[in-house]
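Got your viewer open? Here is a short walk through the model, one selection at a time.

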Amino acid sequence: LYSISARELKAESMIKLPLRLETRTDWKELIGDAILKLKELEGYAETERAQTGDYLRPIMLLQAQPLRTGRQTVSVEVVESCLIEDYNIPAEQIIRATGKDDELGDMDLTATNCPVRYIITVQKLREGWDCPFAYILAVLDETTASTALTQMIGRILRQPHAERFPPSRAG
C-alpha cells in the first residue's frame, strides 16, 4: 500500500482544498446553510466563467437517511419536499440517485445545459461514485463510522477534469 498526503494531492491538482466541515443539530438549518454556500460558490463560478470562459457548476450532494420502520426519517422524499417547498428550489434542479430511483443514468453532470444543482442519495456516495462538480456535501444521516465519513468526503474532493479550478494562469 502507498500513502499520499492531501497536500501532495492538492499540489498535483487532484483534490479541492480547503475542506470546511460544519455540523448542525437541525437538518433543515443544515440544508438552508448549505444552499446559501452553494449560491455563493455559484457566484464565484459565474465570475470565473465571465473572466476566463472556464465552466464549473457547483453541485450539492445530500445524503438522506434510509427508511427505518417505526421511526421518522429524513428520507429522500422528505429532503426533496423540503428543497422544493421550504427553499423554492425548482424541481428540475433536483435528482434522486438511489437504488430505487436512479435518475442519474447516463446524465452528464458537467454539461453546460444540465440543470442539476442538487443530488439526493442514500448509499450512492459509498458505492465508488464520484461527482467532480460536487462542492457541498450535506450528510443528513446519523453516520458515525469514520470510514464511511472518509469515503463520502472523498467523493467530493476530486477536482473537475482533474485540474485545479480555477486553472492556474501561471506561465
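Start by selecting E80: this residue is buried, with a relative accessible area of 15%, which falls on the buried side because the cut-off is under 20%. E80 sits in helix α3. Show what surrounds E80 and, leaving aside residues up to four places away in sequence, you'll find that it touches I94, R96 and I120. One thing to keep in mind as you click around: this is a predicted model.

Next, hold on to I120, since it leads to the next stop. I120 is one of the residues that touch the most other members of the largest nonpolar core, along with I31, M60, L62, V79, L83 and Y118. That core has 21 residues. Colour the elements that give two or more residues to it: α2 (27–52), β1 (59–63), α3 (76–86), β3 (118–121) and β4 (134–139). Which element gives the largest share of this core? It's α2, with five residues. As background, nonpolar side chains in soluble globular proteins tend to be buried together.

Now zoom in on I31. Not counting residues up to four places away in sequence, I31 touches L62, V79, C82, L83, Y87 and L140. Apart from the core you've just coloured, there's another one, of 16 residues; to find it, select L56, L109, V116 and C131, which are among its members.

Go back to the helices and show just α2 and α3. Their axes come within 11 Å and cross at roughly 60°, so the two helices are oblique to each other. The crossing is right-handed. To see who makes the contact, select W27, K28, I31 and I35 on α2, then V78, V79, C82, L83 and D86 on α3. Try colouring that contact by class: seven residues are nonpolar, two are charged and none is polar.

For the last stop, leave the helices and pick Q123, in the loop between β3 and β4. Is Q123 buried, exposed or partly exposed? With a relative accessible area of 36%, Q123 is partly exposed, because that value lies between the 20% and 50% cut-offs. Finally, draw a distance from Q123 to Q65: the two are 58 residues apart in sequence, and their C-alpha atoms are 9.2 Å apart in space.

Notes. Residues numbered from 1 in each chain as written. Predicted model: local features only at pLDDT ≥ 70, side-chain atom pairs only at ≥ 80, totals over all residues. Heavy atoms only, no water. Core = buried A, V, L, I, M, F, W, Y, C linked by side-chain atoms within 4.5 Å. Buried < 20%, exposed > 50% of the residue type's maximum accessible area, 1.4 Å probe, protein only. Helix = DSSP H or I, 4+ residues; strand = E, 2+ residues; numbered from the N terminus. Contact = heavy atoms within 4.5 Å. Axes fitted to C-alpha atoms, helices over the stretch in contact; angles between N-to-C directions. Parallel < 35°, antiparallel > 145°, perpendicular 65-115°, else oblique. Left-handed = near helix turned anticlockwise from the far one by under 90°. Nonpolar A, V, L, I, M, F, W, Y, C, P; charged D, E, K, R; others polar.
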